[in-house]
Amino acid sequence: MNAPDPVQLSVALSSAANLGDCASVLQRYPDACIDLIVTSPPYADQRANTYGGVKPDEYVQWFLPKSEQFLRVLKPGGSFVLNIKEKAIHGERHTYVLELIIALRKQGWLWTEEYVWHKKNCFPGKWPNRFRDAWERCLHFTKRRQFKMNQEAVMVPMGDWAQTRLKSLGKNDVVRYDSQVGNAFAKNIANWQGRDMAYPTNVLHLATECSNKQHSAAYPLGLPQWFIKLFTDEGDVVLDPFAGSGTTLQAAIELKRVAIGIDVSQEFVDMCQSLISPAQNRLLEPRTSYASARRSQTVRQKSDRS
Ligand SMILES: C[S@@+](CC[C@H](N)C(=O)[O-])C[C@H]1O[C@@H](n2cnc3c(N)ncnc32)[C@H](O)[C@@H]1O
């Protein structure tokens, strides 16, 4: 691995919206400069009218050169979250997502976890052989088993469960005990007494928010927000290589991270840039006033001396 060129590094570390194919654009970025990649790529053969479809049978081959670049630019302790869902073709689910997971593992990724986005307001409809599709995968890949994970940042209120279950503790609840069915499962519910917050599950319950977005496949702001809080700290660099309307960039900027977006569509790059520019201007303001404060201080010092 070559040492990163400092000029390139400074490009990678400022928020940016880039036009082009993500595999090509990322070649301008140095190795190991990104803390988190959160993205939702074009789904196979869908929305062909909006931004071109990829055939399900060709999806893995289409994706791999891009994920090779993701692997290169991601820091060793970074994470890659891929929001994706296979479509049904001729009455059965296509297997391209499953094939992609296997191919990504062969490419060097660890398939660390699978989170589920439960779409609380999923599209209504009726099919003869299945029910409404109310969930999508958020596949979590890493480069190694130890990676940055701020579990406390996404804790949730204990809520009703704490109110009702903990009020009526039985004798089995207050001592640690092995399950009465004889397995090694042990619990001590009393440990949860007096706690307000608990760790979440790997299911995110979020409504889709397409109505107020200018992209037909935008995901809700809460989705990238959750992963950014979980896998990065303030000042870290978040990349969305299929940025669309810039939902990931918006979440990253609001959470004080550096946001980098890439899209093949000029229209979407412009949308991303409109999110970045005000944030960059805000960053410049204090520096401007700092500079003018320094100038007036110097003037004051000069007049004190005279
Ligand atoms: C599912 S949309 C992303 C939507 C986004 N998450 C949002 O909330 O608006 C996928 C995006 O990938 C872009 N895209 C397609 N092929 C690409 C490529 N090779 N490189 C970069 N962007 C690409 C499309 O233009 C589209 O905006």
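Start by selecting helix 9, residues 247-254, in this predicted model. Of its 8 residues, 7 are buried, so helix 9 is largely enclosed by the rest of the structure. To see them, colour Thr247, Thr248, Leu249, Gln250, Ala251, Ala252 and Ile253, the buried residues of helix 9. Then step past the end of the helix to Lys256, which follows helix 9 and has a positive phi, near 65°.

**Next stop: the partner of helix 9**

Keep helix 9 on screen and add helix 8, residues 222-231. How far apart are the axes of helix 8 and helix 9, and at what angle do they pack? The axes lie 8 Å apart, and the angle is about 45°. Helix 8 and helix 9 are therefore oblique to each other, and the crossing is right-handed. For the contact itself, show side chains on both helices: Pro224, Gln225 and Ile228 come from helix 8, while Thr247, Thr248, Ala251 and Ala252 come from helix 9. Sorted by class, this contact has 4 nonpolar residues, 3 polar ones and no charged ones. While you look along the helices, keep in mind that an α-helix has 3.6 residues a turn, so residues three or four places apart point the same way.

**Now the ligand**

Select the ligand and the residues around it. Which residues are closest to the ligand? They are Ala218, Phe242, Gly244, Ser245 and Thr247, out of 20 residues that surround it. Thr247 is one you have already met, as a buried residue of helix 9 and as part of the contact with helix 8. Colour the shell around the ligand by class and you will find 12 nonpolar, 6 polar and 2 charged residues.

**Across to another helix pair**

Move on to helix 4, residues 59-73, and helix 5, residues 96-107. Their axes come within 10 Å and cross at roughly 35°, and helix 4 passes helix 5 in a right-handed crossing. On the helix 4 side, select Tyr59, Val60, Phe63, Leu64, Ser67, Glu68 and Leu71; on the helix 5 side, pick Tyr96, Glu99, Leu100, Ala103, Leu104 and Gln107, which they meet. Here the classes come to 9 nonpolar, 2 polar and 2 charged residues.

**Zoom out**

Finish with the whole protein chain in cartoon view, where there are 10 helices and 14 strands. Colour by burial, and 30% of the 306 residues will show as buried. If you draw a contact map, take the contacts with a separation of 6 or more: 69% of them join residues 24 or more positions apart.

Note on methods. Residues are numbered from 1 along each chain as its sequence is written. This is a predicted model: local features need pLDDT of at least 70, side-chain atom pairs count only at pLDDT 80 or more; totals for chains, interfaces and linings use all residues. Axes are lines fitted to C-alpha atoms, for helices over the stretch in contact, and angles run from 0 to 180 degrees between N-to-C directions. Helices (H or I, at least four residues) and strands (E, at least two) are DSSP runs, numbered from the N terminus. A crossing is left-handed if the near helix is turned anticlockwise from the far one by less than a right angle, and right-handed if clockwise. Two residues are in contact if their C-beta atoms, placed from the backbone, lie within 7 Å. Ala, Val, Leu, Ile, Met, Phe, Trp, Tyr, Cys and Pro count as nonpolar, Asp, Glu, Lys and Arg as charged, and the others, Gly among them, as polar. A residue is buried if 20 or more other C-beta atoms lie within 10 Å of its own, exposed if 12 or fewer, and partly exposed in between; C-beta atoms are placed from the backbone. Angles under 35 degrees count as roughly parallel, over 145 as roughly antiparallel, 65 to 115 as roughly perpendicular and the rest as oblique. A residue is near a molecule or strand if its C-beta atom, placed from the backbone, lies within 6 Å of it.
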